[in-house]
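This report goes through one structure, from its ligand site to its sheet and core. Please keep the sequence and the 3D view at hand while reading.

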Amino acid sequence: MNDVPIRSSGNHHMLKRGPSKQRITEAEALDIQYHQSTEDSLDRMKNAGFVVFKNLLNADEVSQLRQLSDETGGDDEAHYRQGHYGKTESDPDFRTYNKHISQPFSQHKDFLKIVSRQPAINVIEGIHGYGARLIGGSIWITGAGRYPMGLHIDYLPFALPEDIASDPRVEIPIMISTLHYYLDDLYMELGPTLVVESSHKSGRVPDEDTSWNGKPCKALVCKAGDAMLFRSDLWHGALPNVSNEKRYMLQVHYASPYIDRGFISPFRNRPFPSDILDVCDDHQRRLLGERQEGYPVPQGSYVLKEGLQQFKEDTQWHQK
Ligand SMILES: O=C(O)CCC(=O)C(=O)O
């Protein structure tokens, strides 16, 4: 049994701690098993903690979204930071490009096209319940010299002793998940994302760990257009960018509706240009928090999975 407190003192709902100081600079490539069916992927989200989708974007979409990412965020010079992995301060190039723009969905209508992509959205709605919400996201371009990103979690709903968290009878709901769209063919030097399979079952945040329960962290070396969905309590990070290229990624964050506080919702008076909202389809509007006739007020728990299934069959959810 570990000695992690059930609740942190400062925040009663969430345990979030910055990335581990342990810098991981190399890892083996993950043996990717791509999404096959919703049921299988729901199972993987429960057990492995992540699932990878092949070609969620086609090549044209990848290049268009790369271009849009380049065009968003103003002056490029503003996105350089001091520091360059593997260089010393005396080096004249001791700086790194890091463009991280949050909430791109209200910046251009084409970013919204990626939030309701099948088959990923079926899995997302399967884990968060009907009424799953879009709660944020980002454009993230990481340049040469990006430092390794230590293993961390994004959101840990409950810290638990490891023997309880990993007991198969215990199923911690997935409150928040993230879909990473990769806009490059990833290779080791470009700094792929790292994941530790099943590490959400540790019940805690990673400390100096590089593995959990005999499973080492692995690098997601996938292709442009592929995407990974992972639960927020999975240990993840990234290798350093030791190439000469920039790495392009889009992040989309989803949550169960009872977690969402209308973070980005135009239906909760968050700023959102009306011309972008006007081109959203009904599904995207629901993800943004609109209540629509014929859809129940979401209860938002995966505990309702059976209910959700019945509801989807009754309403032909995705055909609507
Ligand atoms: O850059 C990556 O691949 C990892 C990003 C990440 O870990 C995060 O945003 O929490």
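## Ligand shell

In this predicted model, the ligand is surrounded by M149, D154, T193, H236, G237 and A238. By class, the shell holds 2 nonpolar, 3 polar and 1 charged residue. Strand 13 (residues 236-238) supplies the largest share of the shell, with 3 residues.

## The chain as a whole

The chain has 320 residues, and 41% of them count as buried. Its secondary structure amounts to 8 helices and 14 strands. If contacts between residues at least 6 apart in sequence are taken, 82% of them link residues that are at least 24 apart.

## The open sheet

Seven strands build an open sheet with antiparallel pairing, and their order is 2-12-7-14-5-4-3. The edge positions belong to strand 2 and strand 3 (80-82); each has a single partner strand, so one side of each lacks a neighbour in the sheet. On average, neighbouring strands of this sheet are turned by 25° against each other, direction ignored.

Helix 4 (residues 120-128) packs on this sheet and touches strand 2, strand 7, strand 12 and strand 14. The direction of helix 4 makes about 5° with that of strand 12.

## Pairing along the sheet

The pairs can be followed from one edge to the other. Strand 2 (residues 50-53) is antiparallel to strand 12, with 4 bridges between them; F53 has A227 of strand 12 as its bridge partner. Strand 12 is also joined to strand 7 (residues 176-182), by 5 bridges in the antiparallel sense. Here T178 has F230 of strand 12 as its bridge partner. Strand 7 runs antiparallel to strand 14 as well, over 7 bridges, and I176 is matched by A255 in strand 14.

Toward the other edge, strand 5 (residues 133-142) and strand 4 pair over 5 antiparallel bridges. In that pair, W140 of strand 5 is opposite H100. Strand 4 (residues 95-102) is joined to strand 3 by 3 bridges, again antiparallel, and R81 stands opposite T96 of strand 4.

## Strand 12: covered on one face or both?

In a regular strand, side chains alternate between the two faces of the sheet. For strand 12, both faces are covered. One side carries A227, L229 and R231, the other M228 and F230, and all of these are buried. Accordingly, the count for strand 12 (residues 227-231) is 5 buried residues of 5.

## The largest nonpolar core

Which members of the largest nonpolar core touch the most other members? They are A120, Y181, L183, L194, V195, A227 and L229, in a core of 68 residues. Strand 14 (residues 247-255) gives this core its largest share, 6 residues.

A227 shows how several parts of the chain meet. Apart from its neighbours within four places in sequence, A227 is in contact with F53, L56, A120, L179, H180, Y181 and Y182. One of these, F53, is also the bridge partner of A227. Two others, A120 and Y181, are listed with A227 among the core residues that touch the most other members. A227 itself lies in strand 12 on the side that also carries L229 and R231.

Technical notes
Residues numbered from 1 in each chain as written. Predicted model: local features only at pLDDT ≥ 70, side-chain atom pairs only at ≥ 80, totals over all residues. Near = placed C-beta within 6 Å. Helix = DSSP H or I, 4+ residues; strand = E, 2+ residues; numbered from the N terminus. Nonpolar A, V, L, I, M, F, W, Y, C, P; charged D, E, K, R; others polar. Core = buried A, V, L, I, M, F, W, Y, C linked by C-beta atoms within 7 Å. Buried ≥ 20, exposed ≤ 12 C-beta atoms within 10 Å, placed from the backbone. Contact = placed C-beta atoms within 7 Å. Pairing = 2+ DSSP bridges. Axes fitted to C-alpha atoms, helices over the stretch in contact; angles between N-to-C directions.
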